[in-house]
Amino acid sequence: MNFKDDSNLKALVASAPIGICILNAETFVAEMLNEKFLEIAGKPREAILDKWYWEPFAEARAYFEQAMIGVVTSGEAFYADEVELMLVRHGKEEYIFVTFIYAPVCDENGKVSKLAVWVVENTTQVREREKIAAQKLMAEKERDRLYDFFNQAPAGICVLAGEEFVYELVNPIYQSLLKGRELMGRPMFDALPELKGTEIERVLNEVYQTGNVAEFKEMLIPIAEFEGGPLVDRYFTFTYVPRFDTIDTVDGIFVFAYEMTAILESKFKSEQASDNLEQIINMLPASVVVIRGYDLIVEMINNSNLDYWKKTKAEVIGKPFLEILPDLADQPFASQLRHVMATGEILDVKESPVLFTMADGSVRETFVDYTYQPLSDLEGNRTGVLVMSFEITDRVLSQKLQEKYAKELAEANLQLHAVNDELARSESRFKYLIQEAPVAIGVLQGRELIVESANVKILEVWGKTAAILGLPLYKALPELEGQAFLSILDEVYTSGVPFTANEIRALLEHDGELKEIFFNVVYQPVVDSSGSTADILVVAVDVSEQVRSRRQVEHAEQTLRLALEAANVGTWYIHSETRELIASDRLKELFGFYPEDEMTLPHAIEMITEEFRETVKQAIETAITKGGNYDVSYKVIGFRDKKVRWVRALGNLKLDLSGEFSAFTGVVMDITDQMEDELRKNDFIGMVSHELKTPLTSLSGHLQFLQRKANKGSTTAASAFEQPLKQVRQMTEMIAAFLNVSRLDSGKIHIDKTAFDISELIQEIQAEHLEYSASHSIVLNLCNHIVVNADRPKIAQVINNLVSNAVKYSPHGTQIELTCVVHNGMVKVGVSDQGIGIREQDLSRLFERYYRVENNNNNVSGFGIGLYLSAEIIERHLGKIWAESEYGNGSAFYFELPV
Ligand code: ADP
C-alpha cells in the first residue's frame, strides 16, 4: 500500500491497524503518528512527534539510518525482516521483535516528500514460538533419554499397543529373549500363538481393563524358539504396567521382562542334586545320618534312620544329637562321635545294644552294627561324621528265639499231621462235589492232555467210562481226530489263554455210534507255581437239546417262509405300541412299492381306495386294541404302478415274547382275479336275472288270472294252478335275491329307513305264508307295537327268507314259531323250526355267500345266498344276525335291530 502526501494522509494514518509514523523526507522529523505506533514504541506522543526520528529511537539509528536515507534517495521501500530490537519502553530497556517497512510518500509532483514508517510488533508470537521450540527440544531430549534407557536397560522392554496388544516397541533385550520370533508391528498373540489362552493372556487383559500393574515372578512359560517350533520350558519374571492416553484410559501396556531360566535351572539343579543325594541315601539299606560339629548337629538323615529313631525329619534336622535323643546321653555314642571327628579314625562296632526310653517310660532294646566315618568340609577340616548303621535286632532276637522255637517245633509237627489229615478229607469232599456236579468237568494234564480226572457228567457226555482215566485225550476219544478240539486244547496249553465257545459241535462215539453233540465249553489253563500251564480244566454244558429244538423252530420258520413265498403272499407285522409296520417285499409289491421303499402303516393305508379306507383302519384298530380275528378284503391302488388290486388280509394279535407289547401279524394275498371273476359273474347273473324277471312276472299274472277263472268252476281245476303258481313265486324270489346280490356287490343296495311297527310286519308275513302253503303251522309270540326305523321291504325280505328256510328244512306238519321281544333298546326277532337242525361247525358259516350245508340239501333247492343277503341287510342296519341249533333238533335264527 502506498500512501500519498495529500489531505487524506492524516486520516489514513489515524485509522490504520498497524503502527505508522510519517516523517519529513528532508528533516526526518515525525509529523504524524498513530496510537498503535506509540504503543509499540512504548513512549509518550510528545517524545516522538515533532522530533527528529533518531532522537527517540537512538538505539536503532546505527542499524537503520542508512536504509531510511536510501528510501528517500531511491524512492524504493525498505523491508526489514523480523528484527529483535532493544527499545527503551516506559523507561525500561526491552527486547522486542518487530517487522517494519520504510515506505516513500510522494506529493502530487511525484517527489518523495515524506516517509512512512510501518511497524508491527511480533514479540509475543516470537516468544511463543521460542517456547515451543524449547519444549520440543526438551521433549526430544527426554525421548532420547528414554530411548537410551529403553535400548540399554538390562531388562527386556516392550510396548504393547491397543487391546490387540500390538508390539509397538521392542527393545533389543526383549527381542533377544525371543530371538527367532518376529514381533514388531504384530499383535502379541499372533506373533506368539503358543501364549494364547495362557495365564499371560488373562493377566494382560486384566491389566488393560483395570489399569492395575501386574507382576509375575519366575513364571514357567513354555515358548517356541521359532514360530511353530517345539515348546521349550523357560522362566520369566515380568511386570505389566498400563500406559494411559491423554484421557486417562489404558491404551497400551509396558512390559518389563527378565529371563530367569538359567538362574532357576541352576537352582533346580542344585535342588535336584541334593534331592538325588537324599534319594540315594534313602535307597541305602542302611540307616545314614550326617552329624557335624562339636554340638553334633544333624545335617542330613535318611528315612531308615528316622524310622529307627522313631522321629520325623523336622524333629531332627539342624538339632543337636543329644537334644534329639537325650536318653542316649549315658551311652557311648556322643563321645565316640567327637573322638572320630577329633582323630579322623574310622570306628566300626558290631552287635552293639542301643537302648531307647519310650514315651511311656518302657525301654526299647535294639541291636546295631555301625560305622562312624569322619567327614571333611570344603576347606579340608574334619568337622563331621557319617554314621551308617544296620539294625540287627531281629537277627539277634531271633537267634535267641530259635532255641526256644526248636523245642516248640517238635510239638507243632505233631499237630501238622492232624491238619494234613483234615485237608485230605476236605479235598476228597471237593473232589466228590466235582464228581457229582451237573456240568461236565474234567482235567487234562500236561501237553499230552492226559485225562487226569473226569466227572460222571463228562464221561456221560463223552460216552466213555472211567477206564479212559490216565490215557492221553487222543487215545481216550479217538473219534476227535479230524475235529478241531485237539488243536484248540494244544493252543490253550501253549498260549495260556482260556478258550470259550458256545454251541460248539462235536461228534462223539456213544456205544459204537457217532453222535452229534453241542456244547458250551470253557478250556481254562491251570498254571503251576512257575507260572506255566500245567493242566487244562475242561468245563462243558451239553446244549444239544436247545440247539436241536431251536433248529426245528428255524426249520419250521424256513418252511413257513417258503410256503408264504410259494403262495405269493405278503406278510406283515405291526407293533401294537409304536404301530411300526414291517412289511415283506411281496406285501410292498402288492401295495405298489419297491422292496427298497419304506412303507409305513400310514403309507399303506393311503394306498387303500377311499371306499374301504375307513373300514380297514377301523378293523386294524379293533384287532390291535381288542384282539380277535382280522379278515378284510379291500381294494388298493399301487403307489408307483397305480395298479388297482383286490387284496384280502388275514391276521391276529399275538403277545410278544417280551410280554410288553403285542405283535399284530398276518398275511395279505392278491384276490384281484377272484374278485374280478366274481364281479363278472355277478354282472352276468344280474343281467340274466333281470331278463328273466319280466317274463316270469307276466307268467305269474296269467296263472293267477286263470286260477281265478277256474275258481268259478271246479275246485280241482283251480287247485291245479296252485303248484305252478308256487313255483313261479319261488323262482321270482330267487331271481330277486340274485339281483340283490349283484346290486350289493356293485354297491347299489340302498337302505331307505322309515318308522314302522315290526310286529305288524311279522303278522303280515305269517298271513302271506299261510295263504300260499298249508304244509306247516306258523305260530306267533309277539309283543305289541314295536316301532323301528328301518327299510321295511328289506326287513320283510329277511323275515321271509328265514321263514322260507324254516319251511324248506323242516318236515311237513311241524310248527314254525315267530317271536319278537324288546330288550336293552334292541328288538330281537326269532324264527324257530323243528327241522333237521345245523351242525356246530356249519353254524358260523351259514351267512357266507353261496354257503350250503352239505348232504342235507340234496333234495332241497337253493343257492346259499338267502342268509348271506339277510346278514348284509341286517349289518347295514347296524344290527346282528345269528343262528342257534342242535343238530337234528330244529334251528332258530335271530336278528336284532335298534328300536
Ligand atoms: P339256500 O337255502 O338257498 O341254500 P340260505 O343262505 O338261505 O341258502 O341257507 C344257507 C344254508 O343254511 C342252507 O343251504 C341250509 O343248509 C342251511 N339252513 C338255512 N336255514 C336252515 C334251517 N332253518 N334249518 C337247517 N338248515 C338251514
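Helix α24 spans residues 722-745, and methionine 731 sits in this helix. In this predicted model, methionine 731 comes out as partly exposed because its relative accessible area is 39%, which falls between the 20% and 50% limits. Together with Met734 and Phe863, Met731 makes a nonpolar patch of about 250 Å² on the surface.

Turning to the strands, one open sheet has five of them, with antiparallel pairing, in the order β13-β12-β16-β15-β14. The edges are taken by β13 (297-301) and β14 (347-357); each has just a single partner strand, so one side of each has no neighbour in the sheet. On average, neighbouring strands here are turned by 35° against each other, direction ignored. At the β13 edge, the partner is β12 (residues 287-292), and these two strands pair in the antiparallel sense over four bridges. Within this pairing, valine 290 stands opposite methionine 300 of β13. The sheet also has a helix against it: α13 (residues 333-343) lies across β12, β14, β15 (363-376) and β16 (382-391), and runs at about 130° to β16.

Further along the chain, strand β22 (residues 570-575) pairs with two other strands. With β26 (residues 662-670), the pairing is antiparallel and covers six bridges; threonine 571 has valine 667 in β26 as its bridge partner. With β23 (residues 581-583), β22 pairs over three bridges, again in the antiparallel sense, and here isoleucine 574 is matched with leucine 581 in β23. β22 and β23 form a hairpin with five residues between the strands, where arginine 579 takes a positive phi near 60°.

Terms used: Residues are numbered from 1 along each chain as its sequence is written. This is a predicted model: local features need pLDDT of at least 70, side-chain atom pairs count only at pLDDT 80 or more; totals for chains, interfaces and linings use all residues. Side-chain values use heavy atoms; hydrogens and water are left out. Patches are made of residues with over 30% relative accessible area and no salt bridge: like charges are joined within 9 Å, nonpolar side chains (Val, Leu, Ile, Met, Phe, Trp, Tyr) within 5 Å. Accessible areas come from the Shrake-Rupley method with a 1.4 Å probe; for residues, only the protein chains shown count as cover. A salt bridge is a side-chain nitrogen of Lys or Arg within 4 Å of a carboxyl oxygen of Asp or Glu. Buried means under 20% relative accessible area, exposed over 50%, partly exposed in between (1.4 Å probe, protein chains only). Two strands pair if DSSP finds at least two bridges between them. Axes are lines fitted to C-alpha atoms, for helices over the stretch in contact, and angles run from 0 to 180 degrees between N-to-C directions. Contact means heavy atoms within 4.5 Å.
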